[in-house]
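Q: I am new to this structure and would like a close look at its nonpolar surface patch. Which residues form the patch, and what surrounds that part in the rest of the chain?

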Amino acid sequence: MGNWKSAIKNSYWTNIVLFLLTIITTTIVGALFYVDQRFTSWSWFLINGLQFSGPLMTILFIHEMGHFLAGRKYHLEVTLPYFIPAIPPLGTFGAFIKIRSAIPHRPALMRIGAFGPLFGAITAIPLLIFGIAHSQILPKMTEFQGLNFGSSILMESVSYAVLGHFTTDATIILHPTAMAAWFGLFVTSMNLLPMGQLDGGHIIYALFGPRIAKVVSAVTLAALVFMGFAFWNGWFVFGVLILFLGMNHPAPMNSQTRLDQVGIIIGIIAVLLFIVTFTPIPIAPTDGSN
């Protein structure tokens with residue numbers, strides 16, 4: 001308990017300042033997405049911005065608290081979340097926590113890696129449903145200038161279930177809350193990439209051990225390079241970032257402990273979550289006749 005209180009005390013002010021800065025930057029970004037369409041007042045600007053930043057910050061916070069609570073379950077020294085503000089058009093680079101203790105075994109590694117994305121998705125999916133229900137539908141050939149947000153299996157399923165349309169059938173002007181949920185789920189899928197020390201890397205290591213994790217990590221990097229040429233140049237950035245963070249996954253203190261049945265189920269759910277949230281072409285400009 002002493003280590004936990006010490007970790008919170010040491011990071012308290014830094015966490016709060018970064019949190020507030022990220023609220024400001026994400027609020028500005030959320031409002032700017034709509035300012036060219038129907039700006040009426042500064043209060044309107046703020047309300048639309050908060051409809052984006054509030055849900056997004058909630059998703060990111062709960063994602064990180066999933067990691068935090070999993071770490072505390074195994075009595076590890078962990079910090080509160082550090083949010084990373086960014087200038088438009090992103091608003092944030094996400095958030096992270098620091099784990100200052102060695103991971104004891106593979107069951108702990110699984111829960112620490114998977115609880116963040118799972119908690120975040122459980123928060124984001126209801127927000128996506130609400131946001132899609134309040135989004136505007138236009139005929140497919142309606143001229144519209146702006147960014148085209150890519151789709152995933154989950155996005156298409158929610159769109160059809162709520163609106164009766166796939167995103168390929170019509171132009172959907174996302175409500176700020178739907179946009180926030182989209183960003184939250186995109187961050188979830190990026191964290192679930194089965195590489196290095198990302199959440200997905202933790203999960204694959206816990207499921208299959210170091211040898212298979214190393215092969216999967218290398219194959220995923222090659223896939224990112226291919227997708228960078230074929231679909232979206234941003235995948236090159238992700239590949240370089242992951243190389244910078246490191247492709248090798250440190251072994252837990254006791255690597256011989258087998259993953260328990262509940263841990264295997266958690267891992268399978270996390271892998272399925274990655275599949276349904278992955279977006280091959282996340283963002284692209286429209287040509288005015290989407």
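A: Here is a walk from the whole chain to the patch, and then on to the core and the hairpin.

A word on the model comes before the details. This is a predicted model, in which local features need pLDDT of at least 70 and side-chain atom pairs count only at pLDDT 80 or more, while totals for chains, interfaces and linings use all residues. Residues are numbered from 1 along each chain as its sequence is written, and side-chain values use heavy atoms, with hydrogens and water left out.

The chain has nine helices and six strands; these are DSSP runs numbered from the N terminus, with helices (H or I) of at least four residues and strands (E) of at least two. Of its 290 residues, 49% are buried, where buried means under 20% relative accessible area, exposed means over 50%, and partly exposed lies in between (1.4 Å probe, protein chains only).

Now to the patch. Its members are Ile-153, Ile-264, Ile-268, Val-271, Leu-272 and Ile-275, and together they have about 500 Å² of accessible area. Areas come from the Shrake-Rupley method with a 1.4 Å probe, and for residues only the protein chains shown count as cover. A patch takes residues with over 30% relative accessible area and no salt bridge (a side-chain nitrogen of Lys or Arg within 4 Å of a carboxyl oxygen of Asp or Glu); nonpolar side chains (Val, Leu, Ile, Met, Phe, Trp, Tyr) are joined within 5 Å, and like charges within 9 Å. Helix H9 (residues 261–277) gives the most, with five residues. Ile-153 lies in helix H4 (residues 153–163), and it counts as partly exposed because its relative accessibility is 48%.

Next comes the inside. The largest nonpolar core has 65 residues, of which Met-110, Ile-132, Phe-183 and Leu-193 touch the most other members. Helix H3 (residues 106–133) gives the most to this core, with 11 residues. Such a core is a set of buried Ala, Val, Leu, Ile, Met, Phe, Trp, Tyr and Cys residues joined through side-chain atoms within 4.5 Å. Leaving aside neighbours within four places in sequence, Met-110 is in contact (heavy atoms within 4.5 Å) with residues including Leu-259, Gly-263, Ile-266 and Gly-267.

Finally, the hairpin. Strands S1 (residues 82–85) and S2 (residues 92–96) pair in the antiparallel sense over three bridges; pairing requires that DSSP finds at least two bridges. Pro-85 has Thr-92 as its bridge partner in S2. Six residues separate the two strands, and Gly-91 in the turn has a positive phi of about 85°.
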